[in-house]
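Hi everyone, thanks for having me. I'd like to walk you through one structure today, so let me put it up on the screen.

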Amino acid sequence: MELKIIKTTEPRKRPTGPLGFGKYFTDHMFVMEYENGEWGNARIQPYQNFSLQPACSVFHYGQACFEGTKAYKNKQGEIRLFRTVDNLNRMNDSADRICIPKFDVDFVLDAIKKLILLDEDWIPTEPGTSLYLRPAMMGCEDALGVHAAKKYILFVILSPVGAYYANGLAPVKLYVEEKYVRAARGGTGHHKVVGNYAASLKAGEEAKKIGYDQVMWLDAIKHRYVEEVGAMNIFFVVDGKVLTPALLGSILPGITRRSVIQLLKDKGIPVEETEVDIEMIAQAAENGKLTEVFGTGTAAVISPVGAFRLRDKEYVVNGGEMGPIAKLMYDTLTKIQVGELPDPHGWVTRIK
Ligand code: PLP
Ligand code: COI
């Protein structure tokens with residue numbers, strides 16, 4: 001397939017002040033369309049609006065999925081993608097779950113590289129910043145019947161970002177959610193489809209009202225086993241061992257999660273993917289055996305959890321501070337990403 005490149009003649013306004021997360025978008029975007037049974041019309045074009053009819057299927061039935069992955073520019077001027085191919089493969093898995101036709105990963109990866117090089121001077125270089133890539137796919141048939149659309153759009157936009165949470169690396173507070181559920185096995189929780197996020201908003205808003213940053217989800221049946229957090233997977237350090245919920249079909253198989261499990265193994269720190277009973281975690285917090293809790297995600301990186309609330313009791317973790325294992329994971333991961341540490345697992349793709 002040919003890739004057309006249409007360069008902008010009206011560069012966008014550059015960010016001033018703190019970047020925050022996902023507020024600014026670069027000059028160009030990648031788009032391709034699916035019609036008559038194949039992907040085509042691939043182009044890099046100026047960042048712009050879509051023109052969609054009110055009948056467009058994504059507005060009604062949410063047939064859409066997305067990804068989040070990052071590019072880094074280091075002091076030497078290298079531009080480095082972290083495991084982006086894994087994100088594109090995961091997007092194809094998500095697409096398949098909601099009947100969106102898969103795309104050619106090599107072709108899109110190549111287009112992403114060209115897009116980043118075109119907007120290279122938007123990549124921030126201050127510590128803790130990066131270029132966040134947001135690939136997404138959506139059904140775009142103008143029809144109200146509930147069926148898989150016959151037309152789709154795939155696009156990739158780029159956003160220079162800082163920390164995901166407003167308070168940067170400061171520990172977050174989580175509310176253990178027992179009323180609402182995010183996902184059940186057999187549903188779409190382990191894919192990155194947009195409906196998962198809409199379904200999570202109300203619990204998140206209610207938690208925010210009483211002073212918590214996000215919710216910690218429990219399983220849909222027993223409301224007892226920890227699943228994940230709004231935008232990250234979760235790890236607990238109990239009695240010197242790192243525990244994280246196993247992938248049993250309702251949580252996102254995070255790429256940062258997978259990387260952290262590998263890095264823990266590399267460092268000889270015991271780690272187990274298992275069922276994590278929230279009552280056991282609360283008890284471990286009571287008797288001093290729970291020494292750290294942290295989340296992992298592309299946007300969140302490694303995010304320490306300073307406290308969590310289960311029913312009417314709040315448990316403070318590690319005095320509300322980031323613990324040594326979270327710090328080690330943060331330092332190791334971010335240094336591999338920018339090239340200050342070797343990349344023994346071949347996670348980084350240099351594009352410049
Ligand atoms: N869980 C959810 C629900 C997410 O949205 C994310 C973010 O992508 C994660 C976990 C972490 O996944 P990853 O490390 O692949 O970014
Ligand atoms: C990510 O970490 O990339 C995410 O997609 C999380 C969130 C912004 C939805």
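I'll talk about the two ligands, then about a few single residues.

Some housekeeping before that. This is a predicted model, so local features need pLDDT of at least 70 and side-chain atom pairs count only at pLDDT 80 or more, while totals for chains, interfaces and linings use all residues. Residues are numbered from 1 along each chain as its sequence is written, chains are lettered from A and ligands numbered from 1 in the order in which they are written, and side-chain values use heavy atoms, with hydrogens and water left out.

Okay, ligand 1. How many residues surround ligand 1? There are 16, and the closest are Y197, E228, I255, T256 and T298. When I say a residue is near a molecule, I mean that one of its heavy atoms lies within 4 Å of it.

What sort of residues make up that shell? Five are nonpolar, seven polar and four charged. For the sorting, Ala, Val, Leu, Ile, Met, Phe, Trp, Tyr, Cys and Pro are nonpolar, Asp, Glu, Lys and Arg are charged, and the others, Gly among them, are polar. If you want landmarks, helix 5 (255–266) and strand 15 (290–297) each give at least two residues to the shell around ligand 1. Helices (H or I, at least four residues) and strands (E, at least two) are DSSP runs, numbered from the N terminus.

Now the polar contacts: a polar contact is a pair of N or O atoms within 3.5 Å, and within protein one must be able to donate a hydrogen and the other to accept it, with residues adjacent in sequence counting only if both atoms are side-chain atoms. R90 has a side-chain N or O atom 2.8 Å from an oxygen of ligand 1. For K192, a polar side-chain atom is also placed 2.8 Å from a ligand 1 oxygen. Then there's T256, whose side chain has an N or O atom 2.6 Å from an oxygen of ligand 1. On its own, ligand 1 would expose 380 Å², and the protein buries 96% of that. Those areas come from the Shrake-Rupley method with a 1.4 Å probe; for residues, only the protein chains shown count as cover.

Where does ligand 1 sit? In the largest pocket. A pocket is found on a 1 Å grid over the protein atoms alone: it's an open set of points with protein on both sides within 12 Å along at least five of seven lines, whereas a cavity is a set where a 1.4 Å probe fits but cannot get out, and lining residues have an atom within 4 Å of a point. "Sits in" means that more than half of the molecule's atoms lie within 2 Å of the grid points.

On to ligand 2. The space it takes is the largest pocket as well. The residues around ligand 2 include F21, F66, Y132, K192, Y197 and T298. That shell splits into seven nonpolar, two polar and two charged residues. Y132 brings a side-chain N or O atom to 2.6 Å from an oxygen of ligand 2. Two backbones join in: A299 has a backbone N or O atom 2.8 Å from a ligand 2 oxygen, and for T298 the distance is 3.5 Å. Taken alone, ligand 2 exposes 280 Å², of which the protein buries 89%.

A231 also belongs to the shell of ligand 2, and that leads us to Q214. The backbone nitrogen of A231 is 3.4 Å from a polar side-chain atom of Q214. Q214 is in strand 10 (residues 214–218), and its side chain makes a 3.2 Å polar contact with that of Y165. Is Q214 buried or exposed? Buried, because its relative accessible area is 11%, and buried means under 20%, exposed over 50%, partly exposed in between (1.4 Å probe, protein chains only).

Last, two backbone oddities. R83 isn't a glycine, yet it has a positive phi of about 55°. You'll find R83 in the loop between strand 6 (79–82) and helix 2 (84–97), and at 10% relative accessibility it's buried. N318 isn't a glycine either, and its phi is positive at about 50°. N318 is in the loop between strand 17 (313–316) and helix 7 (324–338), and it counts as partly exposed at 34%.

That's my tour, thanks for listening!
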